[in-house]
Amino acid sequence: MPNGSLSLAARLYLLSWDTERMTPTGTSCLAPLVRAGALTELAQRGMLAEADGVARPVGDNLTGDPVLDELLELVEESRPRTWKRWVTHHATYTLEAVRKQLAGAGYLRRRRGRLLGLFSAAQYELDRADVVKSLREETRAVLGGPVPVAEISDRDAALVALAAAAEVRTLATADERKRHKDRIEALTERSGAAAPTLRNVIQEVRDAVIFEVTSASAAGASGGS
């Protein structure tokens with residue numbers, strides 16, 4: 001899996017890593033964010049579409065990416081759900097699939113740990129901090145310019161739009177997100193530029209991520225009071 005072929009979901013996951021502390025950030029919303037990336041890429045590829053308000057597979061083709069194909073199969077075999085519900089429904093399945101894929105490709109190192117000191121659980125360490133640093137620099141360049149939004153690919157635009165929606169601090173601070181608010185909105189539009197219906201799908205997925213982040217922040221605030 002060369003760097004250039006990383007899926008949107010994989011890039012969002014890697015982007016969440018703090019290369020100074022060598023830990024992922026925003027872990028409470030990481031699964032919905034990664035799932036949102038997978039849904040967005042499938043929609044951009046025309047392999048998931050909206051029908052009667054729910055997400056449905058288009059045709060029976062596969063992407064060749066096991067993470068995306070696993071999600072396609074899950075959507076196909078499950079009862080109909082809206083895009084918002086798919087952002088969270090069994091989202092940890094997609095997160096773990098992305099981790100395993102990145103470990104197999106040498107981006108992560110998998111080790112066994114203990115959950116609560118009792119149960120065996122897989123844990124991951126970052127092996128390619130250089131890739132993450134490069135990805136962060138490239139993504140920040142998309143966020144801040146100077147390349148016009150119209151010249152940015154829909155996948156790169158979606159990467160920034162979703163990462164900003166999830167408030168991924170390794171991409172931008174709150175002040176930076178505020179300063180680039182108009183460009184983030186333009187990049188969100190660019191993410192679904194291929195068709196008006198796709199634009200609506202991207203917006204719905206992004207809104208679902210924002211809802212999850214807001215809910216997690218509210219839960220954290222009430223827990224700390």
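**Exercise 1. Determine what the side chain of Ser-191 reaches, and whether Ser-191 is buried or exposed.**

Solution. Begin with the polar contact: in this predicted model, the side chain of Ser-191 reaches the backbone nitrogen of Ala-158 at 3.1 Å. A polar contact is here a pair of N or O atoms within 3.5 Å, where within protein one must be able to donate a hydrogen and the other to accept it, and where residues adjacent in sequence count only if both atoms are side-chain atoms. Next, place the residue: Ser-191 lies in helix 9, residues 181-191, where helices are DSSP runs of H or I with at least four residues, strands are runs of E with at least two, and both are numbered from the N terminus. Then consider accessibility: Ser-191 counts as buried because its relative accessibility is 0% (buried means under 20% relative accessible area, exposed over 50%, partly exposed in between, with a 1.4 Å probe and protein chains only). Finally, list the surroundings: when residues up to four places away in sequence are not counted, Ser-191 touches Gln-44, Asp-154, Ala-157, Ala-158, Ala-161, Leu-198 and Ile-202, contact meaning heavy atoms within 4.5 Å.

Two conventions apply throughout. Residues are numbered from 1 along each chain as its sequence is written, and side-chain values use heavy atoms, with hydrogens and water left out. Because the model is predicted, local features need pLDDT of at least 70 and side-chain atom pairs count only at pLDDT 80 or more, whereas totals for chains, interfaces and linings use all residues.

**Exercise 2. Describe how helix 6 packs against helix 7, and which residues meet.**

Solution. Two packed helices are described by the angle between their axes and the distance between the axes. The axes of helix 6 (residues 129-144) and helix 7 (residues 154-165) come within 10 Å and cross at roughly 90°; axes are lines fitted to C-alpha atoms, for helices over the stretch in contact, and angles run from 0 to 180 degrees between N-to-C directions. Helix 6 is therefore roughly perpendicular to helix 7, given that angles under 35 degrees count as roughly parallel, over 145 as roughly antiparallel, 65 to 115 as roughly perpendicular and the rest as oblique. On the side of helix 6, Leu-135, Thr-139, Val-142 and Leu-143 take part, and they meet Asp-156, Leu-159 and Val-160 in helix 7. The residues of this contact divide into 5 nonpolar, 1 polar and 1 charged, with Ala, Val, Leu, Ile, Met, Phe, Trp, Tyr, Cys and Pro counted as nonpolar, Asp, Glu, Lys and Arg as charged, and the others, Gly among them, as polar. In the loop between helix 6 and helix 7 lies Pro-146, and the peptide bond from Gly-145 to Pro-146 is cis, with omega near 10°.

**Exercise 3. Establish how many residues of helix 1 are buried, and at what angle helix 1 packs with helix 6.**

Solution. Helix 1 (residues 8-15) is largely enclosed by the rest of the structure, because 8 of its 8 residues are buried. These are Leu-8, Ala-9, Ala-10, Arg-11, Leu-12, Tyr-13, Leu-14 and Leu-15. With axes 9 Å apart, helix 1 and helix 6 pack at an angle of about 105°, and the two are therefore roughly perpendicular to each other. Helix 1 contributes Arg-11, Leu-14 and Leu-15 to the contact, and helix 6 contributes Val-132, Leu-135, Arg-136 and Thr-139. By class, the residues of this contact divide into 4 nonpolar, 1 polar and 2 charged.

**Exercise 4. Locate Leu-33 and state which residues are in contact with Leu-33.**

Solution. Leu-33 lies in helix 2, residues 30-44, and counts as buried at 2% relative accessibility. The C-alpha atoms of Leu-33 and Ala-9 are separated by 7.9 Å, although these residues are 24 residues apart along the chain. Leaving aside neighbours within four places in sequence, Leu-33 is in contact with Leu-12, Leu-162, Ala-163, Ala-166, Val-168 and Val-209.

**Exercise 5. Identify how strand 3 and strand 4 run, and which residue of their hairpin takes a positive phi.**

Solution. Strand 3 (residues 48-51) and strand 4 (residues 54-57) run antiparallel and are joined by 4 bridges, pairing being accepted if DSSP finds at least two bridges between two strands. Within this pair, Ala-49 stands opposite Arg-56 in strand 4. The hairpin has 2 residues between the strands, and Asp-52 takes a positive phi near 55°.
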